[in-house]
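This report describes a protein model step by step. Please look at the sequence and the structure below before reading on.

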Amino acid sequence: MNGSRASIKKIVEDLNDADLPSDVGMVTLQLRHEVVIAPPALYIHCAKELLKNPEVKVAAQNAFPKASGAYTGEIAAPQIKDAGADWVILGHSERRTINKESDEFVAEKTAHALENGLGVILCIGELLEERDTGMTLVVCNRQLDAVIDKVKDWSNIVIAYEPVWAIGTGLAATPDDAQSTHAEIRQYLAEKLGEDQASKIRILYGGSVNGKNAKSFNACPDIDGYLVGGASLKPEFIDIIKSRE
């Protein structure tokens, strides 16, 4: 819940002026390299109109699992598409904790968004107390299972692993820790969806990535990119994008 028309205009103009990696929008080794920005819903259309690089896409931060109706304050997947966005972030840790969204509700929203032509950035991850009790994979697998029960084709889902304990706390996962968790998530997906589908699913890391630490994750084979939070509001966002070159 950050930004104004002026600040979002500045972020988009910085992206327009940046010399982004040449493989943005390209498919390499079955994985698509993309840049997606997710402004608040009020500014989706504004951001889309300002973008000059057609390979930079726009996402919504949330969607409701109904196409229309008496759901005051919610936004529907068809409305998100109509505003010019191609993606939606679902299951973000803040919505799971602050808004009390259940795994099943996130799964319902995921299935509905996919049915209406949106790509889904599906967030999963554990709290500090869950990490401290060795529950990381139990939590992540439970969150994935809810979606697996409703969605069989994961070609338009990108997973974002958010170690919630590392977001804004000063704590951080090491590249080895993050890689280990990502690899186990991919292995679980292989068991549930098959090796072929699991190998093509991009798994982003969302643990307080910034311009200084982004490159340290590049050698991790199961980290396919980043879900960037506060750093996306700053000029270092360009540095993070370029870190994947």
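## The sheet

In this predicted model, strand β4 (residues 56-60) and strand β5 (residues 87-90) run parallel and are joined by two bridges. Within this pair, Ala-60 of one strand stands opposite Val-88 in β5. In general, the strands of a sheet pair through backbone hydrogen bonds, in either a parallel or an antiparallel manner.

The two strands belong to an open sheet of six strands, whose order is β3-β4-β5-β6-β7-β8 and whose pairing is parallel. At the edges stand β3 (35-37) and β8; each has a single partner strand, so one side of each is left without a neighbour in the sheet. From one strand to the next, the twist averages 30°.

## A helix across the sheet

Helix α8 lies across three strands, namely β6 (119-124), β7 (157-161) and β8. Relative to β8, the helix runs at about 155°.

## The nonpolar cores

Which residues touch the most other members of the largest nonpolar core? They are Leu-144 and Trp-154, in a core of 64 residues. Helix α8 (residues 175-193) gives the most to this core, with six residues.

Leaving aside residues up to four places away in sequence, Trp-154 touches Leu-122, Leu-144, Val-147, Ile-148, Ile-159, Leu-189, Leu-193, Gln-197 and Ile-201. Apart from the largest core lies another core, of nine residues, which includes Trp-87, Cys-123, Ala-160 and Leu-227.

## A buried glycine in a loop

Gly-225 is found in the loop between β8 (203-205) and α10 (236-242). Is this residue, Gly-225, buried or exposed? Gly-225 has a relative accessible area of 7%, and it counts as buried because this value is under 20%.

When residues up to four places away in sequence are not counted, Gly-225 touches Ile-203, Leu-204, Tyr-205 and Arg-244. Gly-225 and Tyr-205 are 20 residues apart in sequence, while their C-alpha atoms are 6.4 Å apart in space.

## An exposed isoleucine in a loop

Ile-98 lies in the loop between α4 (93-97) and α5 (103-115). The relative accessible area of Ile-98 is 63%; the residue is therefore classed as exposed, since the value is over 50%.

How many residues apart along the chain are Ile-98 and Leu-114? They are 16 residues apart along the chain, and their C-alpha atoms are separated by 24 Å.

Notes
Residues numbered from 1 in each chain as written. Predicted model: local features only at pLDDT ≥ 70, side-chain atom pairs only at ≥ 80, totals over all residues. Heavy atoms only, no water. Helix = DSSP H or I, 4+ residues; strand = E, 2+ residues; numbered from the N terminus. Buried < 20%, exposed > 50% of the residue type's maximum accessible area, 1.4 Å probe, protein only. Contact = heavy atoms within 4.5 Å. Core = buried A, V, L, I, M, F, W, Y, C linked by side-chain atoms within 4.5 Å. Pairing = 2+ DSSP bridges. Axes fitted to C-alpha atoms, helices over the stretch in contact; angles between N-to-C directions.
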